[in-house]
Amino acid sequence: MGTNAMQFVFNKEPGKVTTLEKDKAALLHLIPRAGSLNSKLSFPIPVTNDAVDANLQFVNAYEDANDVVIVDAIRTECVGAGKQLPTWPWVDTIEKYGSACGVRSLCRYKVDTKSGSVSKECLSRSNCAFGVVNPTVTTQRHRFIYLNIGAGDTNKASPPQGIGKYDADTGAMDIWMPLPHEFCGEPMFAPKTTTTSESSEDDGYILSILLDGGERQTSDLIIFDAKQISAGPVARIALGMMIPHGLYGCFSQDAVWSGDSISRRARLADKVESRGNMWNEVKSDFSGLGLRLDDIDEVFPGLFG
């Protein structure tokens, strides 16, 4: 990415001050864990005509027996960096979405740490987004990747809508697609709490927030058996409110908050949003958010002593 420093000084829109340098290779960095005696390694990713390796959505990575690091990620085809950001609503038709966004593919990068070479292959061009694996195989060899899938032609960009399960061993993709006016959010893997020696990697459930953009104008929590995505949700729970499409999320068995705690955080979030146009005001404390210390103390009394 190239940056116009002078434009950055006078402009608030990041999209107008950056330029995508399509002829230059992206760098893939392998950073050792804290306490490791290994050194950081950096490898250039070969430039190809189909896409640039910028803005990757990381899925999982592991090292095989031959010192080759396997990295699975979602890659976006070339998009128009350097253009003025659109105003709300950013897009309101599939045609506008296709012209503003690039096709997203699930790709596999193989990094040979001995030779320093990097190879890559496209695993799926199904307009993928928000890829996840069973958290028990994080940093280990995985077989299944769960992700959002776009509807329609794979040669044209389409928004995340359905849920897919990619089998890295066979290359098969198991897909469930909702109604045309419904859109699934990021899939979240919830492992089963009881496991045996015969348990498989896909023993668990997939959770997702589904936005109904039709007459209901609301969102539901939908739950799938992780073994059978195409069979559809095994449960659908109405949330009674509309949750914006595209939010990130994760499942945690022990994350439990009281209603009061959620309410206080929601009030603070509303205050941040209401002062969003004040982000560049010069203040002595939280000027970047348009907040002052007394705003936060109002919601979390005693936080600062």
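Buried means under 20% relative accessible area, exposed means over 50%, and partly exposed is anything in between (1.4 Å probe, protein chains only). We're working with a predicted model, where local features need pLDDT of at least 70, side-chain atom pairs count only at pLDDT 80 or more, and totals for chains, interfaces and linings use all residues. Residues are numbered from 1 along each chain as its sequence is written, and side-chain values use heavy atoms, with hydrogens and water left out.

**Exercise 1.** Work out whether R216 and D220 are buried or exposed, and what links their side chains.

*Solution.* Start with the link: the two side chains meet in a salt bridge at 3.0 Å, N to O. That term covers a side-chain nitrogen of Lys or Arg within 4 Å of a carboxyl oxygen of Asp or Glu. Next, take R216: its relative accessible area is 41%, so R216 is partly exposed. D220 has 2% relative accessibility and therefore counts as buried.

**Exercise 2.** Find which parts of the structure the D72–R108 pair ties together.

*Solution.* First, check the pair: the side chains of D72 and R108 form a salt bridge (2.7 Å, N to O). Now place the partners: D72 is in strand β6 (residues 68–76) and R108 in strand β7 (residues 104–112), so the pair connects parts 36 residues apart in sequence. Strands here are DSSP runs of E, at least two residues, numbered from the N terminus; helices are runs of H or I, at least four. Finally, D72 and R108 are both buried.

**Exercise 3.** Locate N148 and say what its side chain reaches.

*Solution.* N148 sits in strand β10 (residues 144–150). With a relative accessible area of 0%, N148 is buried. Its strand goes the same way: seven of the seven residues of β10 are buried, so the rest of the structure largely encloses it. β10 and β11 run antiparallel, joined by seven bridges; DSSP must find at least two bridges for strands to pair. In β11, I163 is the bridge partner of N148. As for the side chain, N148 reaches the backbone oxygen of C184 at 3.4 Å.

**Exercise 4.** Now do the job for Q161: which strand holds it, and what does its side chain reach?

*Solution.* Q161 lies in β11, residues 160–167. Its relative accessibility is 8%, so Q161 counts as buried. The Q161 side chain gets to the backbone oxygen of E182 at 3.1 Å.

Key:
Polar contact = N/O pair within 3.5 Å; in protein donor to acceptor, adjacent residues only side chain to side chain.
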